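Q: Please take a close look at the side-chain pairs in this model. Go pair by pair, and then turn to the boundary between the domains.

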Amino acid sequence: MCGIVGYIGARQAQGVLVSGLAKLEYRGYDSAGVAILDHGSIQVRKKAGKLANLGAELAEHPLAGTLGIGHTRWATHGLPNDTNAHPHATEDGRIVIIHNGIIENYLSLKAELRARGHEFKSETDSEVLAHLIEEKYAQTGSDLYEAVRLSLGEVRGAYGIVVTHADHREIVAARTVSPLVMGVGEGEMFLASDVPALLPYTRRMVFLHDGDMVVLSDSGYRVTDLQGRAVTRQIDQIDWDAEAAEKGGFDTYMLKEIYEQPTALTNTLIGRLNDDSGEVNLDINLDPSSFKRISIIACGTAYLAGLVGEYLIEQLARIPVEVDVASEYRYRDPLVSEHTLAIVISQSGETIDTLEALREAKKGGAKTLGVINAKGSSMTRELDDTLYIHAGPEIGVASTKAYTSMVGAMLMLALWLARARGTLSEAQAKELLSAARELPRLVEEALSPQRVAQIKVVAEKYAHARDYLFLGRGVNAPTALEGALKLKEISYIHAEGYAAGEMKHGPIALIDENLPVVVVATQSRLLEKTISNVQEVRARAGKVILLLSDGDTENAQHADDVIYVPRSHEMVSPIVNVVALQLLSYFTATALGKDVDKPRNLAKSVTVE
Ligand code: F6R
């Protein structure tokens, strides 16, 4: 995702900005740019592609000046080209901004700004910010801070925004959802979207909170909220080494990524759901009413996201869906026609089995849509259209945030298809859309310190089990499969995931007093049936670990251990529930001393058959 760097001080800004952006490369990007203030004018250099392209441009046309801002862009709105790269400037070049996040209401703002005579150069959502700030700047009698503050009052969405003006030796920044950290130096100040960019310069850092604004000058900084009231933020002394910094202070990438899920989900959903109108805007150039069947194709965890997708699409849009593991699909001579929509799901966009399956579906005449994380990956070049999940780079081999974002994307697709096909009333759509919009908050709640501590206790209690069984029903049957997959991947404990009702047809033979059985038994129309399956486990002395919705004390009596999860609408509950299972696997593996980021025999991107 986008990277941000800002500098004001005595050093030449160009070097600070480029070295900072290089430290943020791991976040993923497809263009880069800098803007530097010198003698009352701001010069911009920006280039599509790798940072080396920007480096070459700066080598040929270097920029002098000691105040500047820099950006690496991961395209969301508009192609990854030179024009859409940040920074973005007003027509007169006096105000220059960089932005990380998505401005949800940019289309209406853009139309209004155009009507008032503003000319836009790029296709980005971000550029509206520059023009909006320009208007407010004039209205406030040239007060840059106030102009930014008033502008942010008119935008909806997520932002880490950094603004400069040719007439002011200061940098104004603000954040909501997108991260921003400030570095406090001696007579110099820094900003970045992540700590590694700042480590070579200072270890004194202020982590800005949601809704914080900050003004940086040569003499220091001041922080306010979006209402303009002063706030105090403590300065932390960061003693992480470079690797720890990339892990954001967490012990592992996997844990960092588990905690990134509220933000990742926000980025997946943002700008795409309108719970006022019940509409879903996915910007997909395919006709949702032209399909008679849907094939979902993927591998591993992405396949399990597909199983949730099958449930959601069939329930909401009433279209027949089949889900295949890609390695089987490509060799089973599948029935495909021009009325088939093939949806491939992949974090990396490079998994060879999925890529070959996509080609197979295309050969049969299917229209193809990708649910993909990695921009510009091989699959995206062959798909008819792509719905990016915007989860940000996932480095831990075991997929966590990509999974929840994939399920979020499948939910949006189900709603999009349902609305187009008229299988969901506006009222039903609004209810589901508002349940979806609650997801980042619910996942945040699922990661509260008390819940995490409790899951750690349960994980450690059963860490020496030889086998594990995971059960769930309905839309949470795939949650059980994902719980089992996560556990075996990182702890090497043998685990089976089953639809709970299927247990009596085989796996029940495994049950004895040594077998922990995790049952997803959160609020749903199948809860009573699930509890009957729990009784079958108890009757055979299995150890029952129940995942229950907050407040369900009645069913707690059937469990040896209970993990409570936040209550959520049944249709969105797989996203909330799986977080507890990710943590259960994580703490089991760490209790056993396993390397969770690089489990044995596994690769992050499987590009061999
Ligand atoms: C499991 C995991 C793998 C991947 C699978 C597909 O935690 O990460 O099972 O889900 O290899 O990878 P992508 O999504 O990159 O196609």
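A: Partly exposed here means a relative accessible area between 20% and 50%, with buried under 20% and exposed over 50%. The model is predicted.

Start in helix 11, which spans residues 352-363. Two of its residues, Arg-359 and Glu-356, join their side chains in a salt bridge, at 3.2 Å from N to O. Both partners lie within this helix, three residues apart, or about one turn. Arg-359 has a relative accessibility of 31%, so this residue is partly exposed. Glu-356 is at 25%, so this partner is partly exposed as well. Elsewhere, salt bridges with shared partners tie four residues into one network: Arg-293, Glu-322, Asp-324 and Arg-332.

The full count is 30 salt bridges. Take Asp-167 and Arg-94, whose closest N and O atoms are 2.5 Å apart. This pair links distant parts of the chain, with the two positions 73 residues apart. Asp-167 sits in the loop between strand 7 (157-165) and strand 8 (171-176). Arg-94 sits in the loop between strand 5 (88-89) and strand 6 (95-103). Arg-94 has 27% relative accessibility, which means partly exposed.

Next comes Arg-175, which forms a salt bridge with Asp-210. Their closest N and O atoms are 2.8 Å apart. Again the pair links distant parts of the chain, here 35 residues apart. Arg-175 belongs to strand 8, while Asp-210 lies in the loop between strand 11 (204-207) and strand 12 (212-217). How do the two partners fall, buried or partly exposed? Arg-175 has a relative accessible area of 13%, under the 20% limit, so this residue is buried. Asp-210 stands at 46%, so this partner is partly exposed.

Arg-175 also touches Tyr-159. Tyr-159 is in strand 7. With a relative accessible area of 4%, Tyr-159 is buried. Leaving aside residues up to four places away in sequence, Tyr-159 is in contact with His-99, Asn-100, Ile-103, Leu-152, Ala-174, Arg-175, Thr-176, Ser-178 and Leu-226. Tyr-159 and Ala-484 lie 36 Å apart, C-alpha to C-alpha, and 325 residues apart in sequence.

Now the rings. A pair of aromatic rings is described by the distance between the centres and the angle between the planes. There are five aromatic pairs in the structure. One of them joins Tyr-7 and Phe-190, with ring centres 5.1 Å apart and planes at 50 degrees; that angle is neither under 30 nor over 60, so the pair is tilted. The two residues are 183 positions apart and link distant parts of the chain: Tyr-7 is in strand 1 (residues 3-8) and Phe-190 in strand 10 (residues 189-192). Tyr-7 is buried at a relative accessible area of 0%. Phe-190 is buried too, at 1%.

Compare Tyr-586 and Phe-587, where the ring centres are 5.4 Å apart and the planes stand at 80 degrees, so this pair is edge-to-face. Tyr-586 is buried, at 3% relative accessibility. Phe-587 is buried, at 7%. Back at Tyr-7 and Phe-190, these two join Tyr-201 in one aromatic cluster.

Rings also meet charges. The charged end of Arg-222 sits over the ring of Tyr-145, 4.6 Å from the ring centre. Arg-600 places its charged end over the ring of Tyr-492, at 3.8 Å from the centre.

Last, the domains. The chain divides into domain 1 (3-246), domain 2 (250-437) and domain 3 (445-603). The C-alpha centres of domain 1 and domain 2 are 32 Å apart. At their boundary, 13 residues of domain 1 contact 15 residues of domain 2. The area buried there is about 1,300 Å², with 60% from carbon and sulfur atoms. On the domain 1 side, Trp-74, Glu-104 and Glu-246 lose the most area, together 42% of what that side buries.

How many salt bridges join domain 1 and domain 2? The count is one. Glu-104 also takes part in a salt bridge, its side chain meeting that of Arg-437 at 3.6 Å, N to O.

Conventions:
Residues are numbered from 1 along each chain as its sequence is written. This is a predicted model: local features need pLDDT of at least 70, side-chain atom pairs count only at pLDDT 80 or more; totals for chains, interfaces and linings use all residues. Side-chain values use heavy atoms; hydrogens and water are left out. Rings of Phe, Tyr and Trp (its six-membered ring) pair if their centres lie within 6.5 Å; planes under 30 degrees apart count as stacked, over 60 as edge-to-face and the rest as tilted. Helices (H or I, at least four residues) and strands (E, at least two) are DSSP runs, numbered from the N terminus. Buried means under 20% relative accessible area, exposed over 50%, partly exposed in between (1.4 Å probe, protein chains only). A charge sits over a ring if NZ of Lys or CZ of Arg is within 6 Å of the ring centre and within 35 degrees of the ring normal. Domain bounds come from an automatic or database domain assignment. Contact means heavy atoms within 4.5 Å. Buried area is the accessible area (1.4 Å probe) that two parts lose on being put together, summed over both.
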